[in-house]
Amino acid sequence: MGKFVVVDHPLIKHKLTIMRDKRTGPKEFRELLREITLLIAYEATRRVPVHKKEVETPISKTIGYCFDDNSIVVVPILRAGLGMADGILQLLPNASVGHIGIYRDPETLQAVEYYAKLPKLDDSSVVFVTDPMLATGVSSIKAIDIIKERGGKEITLISLIAAPEGVRAVQEAHPDVEIYVASLDDHLDEHGYIIPGLGDAGDRLYRTK
Ligand code: URA
């Protein structure tokens, strides 16, 4: 089963508590989402490949390490995942970015792709999918399906808050994918909202309600 990690750090807990507060407005919400994503990405990027590089300090030569930036791909799931991409790009500024848009068909309840623009993917690509709320897992599973169809193999899902139901669903569909989150919440309600969660992440980011 893929690794599931709750990045349990006081800085993240503090910032997430402000995000959960219904009085927090979109400006602060966006800033905090970017900051927490950066902190999760610090852990989630541990397996990013590095190569050795000689470097000359003022005293002597030594061997250092560099990222293979061009193998890294960040894929936000539209639209709330967009709010997380910048946090990863702050750490990995030369990463490529793909975008995947998915909606849930109200009749069939199936995830339907309406947009997918991805850079070229191959065995060496290290892909980070962002979706702040891992609720049912339906959108994340579909996004990972698309990434695999296009050749991506090493895939990590980064979310802010997960419901146990969503984690289970992604792990069952894609046991090879690692999942990193800031919090594992209690459960999903009958409308698919995470309890206690933070409400609708897209609406809070973009003030659409
Ligand atoms: N999407 C959200 O934005 N919030 C939830 O609680 C569940 C899914």
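**Figure 1. Contacts of Thr-208 in the segment after α6.** In this predicted model, Thr-208 is in contact with Arg-79, Gly-202 and Asp-203, when its neighbours within four places in sequence are left aside. Thr-208 lies in the segment that comes after helix α6, and with a relative accessible area of 45% this threonine is partly exposed. Arg-207 is found in that segment after α6 as well, and at 62% relative accessibility it counts as exposed. The backbone of Arg-207 has a positive phi of about 45 degrees, although this residue is not a glycine. As background for this view, most residues other than glycine have a negative phi.

**Figure 2. Thr-156 in strand β10.** Is Thr-156 buried or exposed? With a relative accessible area of 2%, Thr-156 is buried, where the word buried stands for a relative accessible area under 20%. The residue lies in strand β10, and, not counting residues up to four places away in sequence, Thr-156 touches Ala-44, Arg-47, Val-127, Phe-128, Val-129, Val-177, Glu-178 and Tyr-180.

**Figure 3. Strand β4 and its parallel partners.** Six of the seven residues of β4 are buried, so this strand is largely enclosed by the rest of the structure. With β8, strand β4 pairs in the parallel sense over five bridges, and the bridge partner of Val-75 in β8 is Val-129. Strand β5, which covers residues 96–97, also runs parallel to β4 and is joined to it by two bridges; here Val-74 has Val-97 of β5 as its bridge partner. A further parallel pairing, over two bridges, links β4 (residues 72–78) with β6 (residues 99–104), and in this case Ile-77 stands opposite Ile-100 in β6. In general, strands of a sheet pair through backbone hydrogen bonds, either parallel or antiparallel.

**Figure 4. The hairpin of β6 and β7.** Strand β6 and strand β7 (residues 111–117) pair in the antiparallel sense over six bridges, and within this pairing Ile-102 stands opposite Glu-113 in β7. The hairpin that these strands form has six residues between them, and in it Leu-109 takes a positive phi near 65 degrees.

**Figure 5. The buried residues of helix α3 and what covers them.** Which residues of helix α3, spanning residues 82–91, are buried? The buried residues are Gly-83, Met-84, Ala-85, Gly-87 and Ile-88. What covers these buried residues of α3 includes α2 (26–44), β4, β8 (126–130), β10 (154–158) and α6 (201–206).

**Figure 6. Two cis peptide bonds in loops.** Most peptide bonds are trans, and this view shows two places where the model has a cis bond. The peptide bond from Leu-78 to Arg-79 is cis, with omega near 0 degrees, and Arg-79 is found in the loop between β4 and α3. Another cis peptide bond joins Ile-195 and Pro-196, with omega about 0 degrees, and Pro-196 is found in the loop between β15 (194–195) and α6.

**Figure 7. An open sheet of three strands.** The strands of this open sheet have the order β9-β11-β13, and their pairing is parallel. Strands β9 (133–134) and β13 (183–184) are the edge strands, each of which pairs on one side only. Strand β11, made of residues 161–162, pairs with β13 in the parallel sense over two bridges, and the bridge partner of Ile-161 in β13 is Ser-183.

**Figure 8. The setting of the close-ups in the protein chain.** The secondary structure of the protein chain comes to six helices and 15 strands. Its radius of gyration is 18 Å, which is close to the 17 Å that the globule rule gives for 209 residues, so the chain is as compact as a globular protein of that length. Taken along the principal axes, the box filled by the C-alpha atoms is roughly 65 × 40 × 30 Å. Of the 209 residues, 46% count as buried, and the accessible surface of the chain comes to about 10900 Å², of which 52% belongs to carbon and sulfur atoms. Among the contacts with a separation of 6 or more, 64% are accounted for by residues 24 or more positions apart. The chain has 26 positive and 30 negative charges, and the mean positions of these two groups are 4 Å apart.

Terms used. Residues are numbered from 1 along each chain as its sequence is written. This is a predicted model: local features need pLDDT of at least 70, side-chain atom pairs count only at pLDDT 80 or more; totals for chains, interfaces and linings use all residues. Side-chain values use heavy atoms; hydrogens and water are left out. Helices (H or I, at least four residues) and strands (E, at least two) are DSSP runs, numbered from the N terminus. The radius of gyration is taken over C-alpha atoms; the globule rule is 2.2 Å times the number of residues to the power 0.38. Buried means under 20% relative accessible area, exposed over 50%, partly exposed in between (1.4 Å probe, protein chains only). Contact means heavy atoms within 4.5 Å. Accessible areas come from the Shrake-Rupley method with a 1.4 Å probe; for residues, only the protein chains shown count as cover. Lys and Arg count as positive and Asp and Glu as negative; His and the chain ends are not counted. The place of a charge is taken as NZ of Lys, CZ of Arg, CG of Asp or CD of Glu. Two strands pair if DSSP finds at least two bridges between them.
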